[in-house]
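Me: Please take a close look at one part of this protein. I would like one connected answer that starts from a single residue and works outward.

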Amino acid sequence: MPETGAGPSPTFPALGIGMDSCVIPLRHGGLSLVQTTDFFYPLVEDPYMMGRIACANVLSDLYAMGITECDNMLMLLSVSQSMSEEEREKVTPLMVKGFRDAAEEGGTAVTGGQTVVNPWIIIGGVATVVCQPNEFIMPDSAVVGDVLVLTKPLGTQVAVNAHQWLDNPERWNKVKMVISREEVELAYQEAMFNMATLNRTAAGLMHTFNAHAATDITGFGILGHSQNLAKQQRNEVSFVIHNLPIIAKMAAVSKASGRFGLLRGTSAETSGGLLICLPREQAARFCSEIKSSKYGEGHQAWIVGIVEKGNRTARIIDKPRVIEVLPRGATAAALAPDNSNASSEPCS
């Protein structure tokens, strides 16, 4: 144990601005402080689910480091001044409850934070944990021959926007030829469920299957976050993405609307899955294990790409294979009668 005030060992891992969480070596016995913060504006209509999504989104930055425990959470909440007193009294407790319930599901608790009145509703938080070195996986050890695994489907922004367009004739007219109102509703519910699902199970399995690096897919889309992760690698590697698991019909909506860039990997995601670099021989087992009923409902994973020799960049091939991920409650025939790729089968 180092003497008090001696400071951390220069070889002890540290991580600053640029990745999901900061990792700060402490002066106490080889421990590290891992901390992250995030906040955003509401994107779903249900205040309770919005609270859950916000908490899952904050915790996801810890999970991207392979950390499964969180010691403390603070909540950041801004209530809109344009809301009536009655609206505030209904909406605010529901957002707080959703946030707290998700924190409890993550094995932690909200012990404080800050609430303000503001022109906009904003919700987010701060997650903090003190770790031993074996509790986290630094995002810098991908090797040639690894494969890339993704643990939630893409398309959340498209699904949320399509749902809003149901009441906007100008926007709806652009996409109604490729999707029905019922399919929009199913996709929206699926997106909401996925965003509210914690990445905790995936974080634990990163240790079981010897993950070499990971990040979570959020506002910069799968391409942006892949590029960011590639830049962090110690080895001369690059990431190549071949497969894009996407909530069913969202690729068609993205194309018809002329927005988002979903197939280019630039469409924003909120509280998306983990993108994990795994040894090739472990990846299929990871995908199979995460679907196991012992972890509850709704966990999925797909092999989406490879790690090859390169100059720390990431790219999506010109014509990636779209894997249509069917919403729960939908039937394959109803959603994808003509698409032979329509499947929610992982590890493709």
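Reply: A residue counts as buried when its relative accessible area is under 20%, and as exposed when that area is over 50%. The model is predicted. Start with S60. S60 has a relative accessible area of 0%. That value is under the 20% cut-off, so S60 is buried.

Now place S60 in the fold. S60 sits in helix α1, which spans residues 47-63. Leaving out residues up to four places away in sequence, S60 touches N199, D216, G272 and L274. S60 can also be paired with T36 by distance: the two are 24 residues apart in sequence, and their C-alpha atoms are 9.3 Å apart in space.

How does that fit the whole protein? The protein has 10 helices and 11 strands. Of its 348 residues, 54% are buried. Take the contacts between residues at least 6 apart in sequence: 81% of these join residues at least 24 apart. The exposed surface comes to about 15,500 Å². Carbon and sulfur atoms supply 52% of that surface.

Next, helix α8, residues 250-257. Its buried residues are M250, A251, V253, S254 and S257. Down the axis of α8, these buried residues fall within an arc of 165 degrees, so they line one face of the helix. The general background is simple: an α-helix has 3.6 residues a turn, so residues three or four places apart point the same way.

What does that set of buried residues in α8 pack against? Three helices are partners: α3 (156-165), α4 (169-175) and α5 (181-196). Two strands are partners as well: β8 (237-247) and β11 (314-325). After α8 comes G258, with a positive phi near 75 degrees.

Last, a helix pair. Two packed helices are described by the angle between their axes and the distance between the axes. Here the pair is α6 (residues 200-208) and α9 (residues 280-290). Their axes come within 11 Å and cross at roughly 145 degrees. The crossing of α6 and α9 is right-handed. On the α6 side, the contact uses T201, A202, L205 and M206. On the α9 side, it uses F286, E289 and I290. By type, the residues of this contact divide into five nonpolar, one polar and one charged.

Key. Residues are numbered from 1 along each chain as its sequence is written. This is a predicted model: local features need pLDDT of at least 70, side-chain atom pairs count only at pLDDT 80 or more; totals for chains, interfaces and linings use all residues. Side-chain values use heavy atoms; hydrogens and water are left out. Axes are lines fitted to C-alpha atoms, for helices over the stretch in contact, and angles run from 0 to 180 degrees between N-to-C directions. Helices (H or I, at least four residues) and strands (E, at least two) are DSSP runs, numbered from the N terminus. A crossing is left-handed if the near helix is turned anticlockwise from the far one by less than a right angle, and right-handed if clockwise. Contact means heavy atoms within 4.5 Å. Ala, Val, Leu, Ile, Met, Phe, Trp, Tyr, Cys and Pro count as nonpolar, Asp, Glu, Lys and Arg as charged, and the others, Gly among them, as polar. Buried means under 20% relative accessible area, exposed over 50%, partly exposed in between (1.4 Å probe, protein chains only). The arc is that of the directions from the helix axis to the C-beta atoms. Accessible areas come from the Shrake-Rupley method with a 1.4 Å probe; for residues, only the protein chains shown count as cover.
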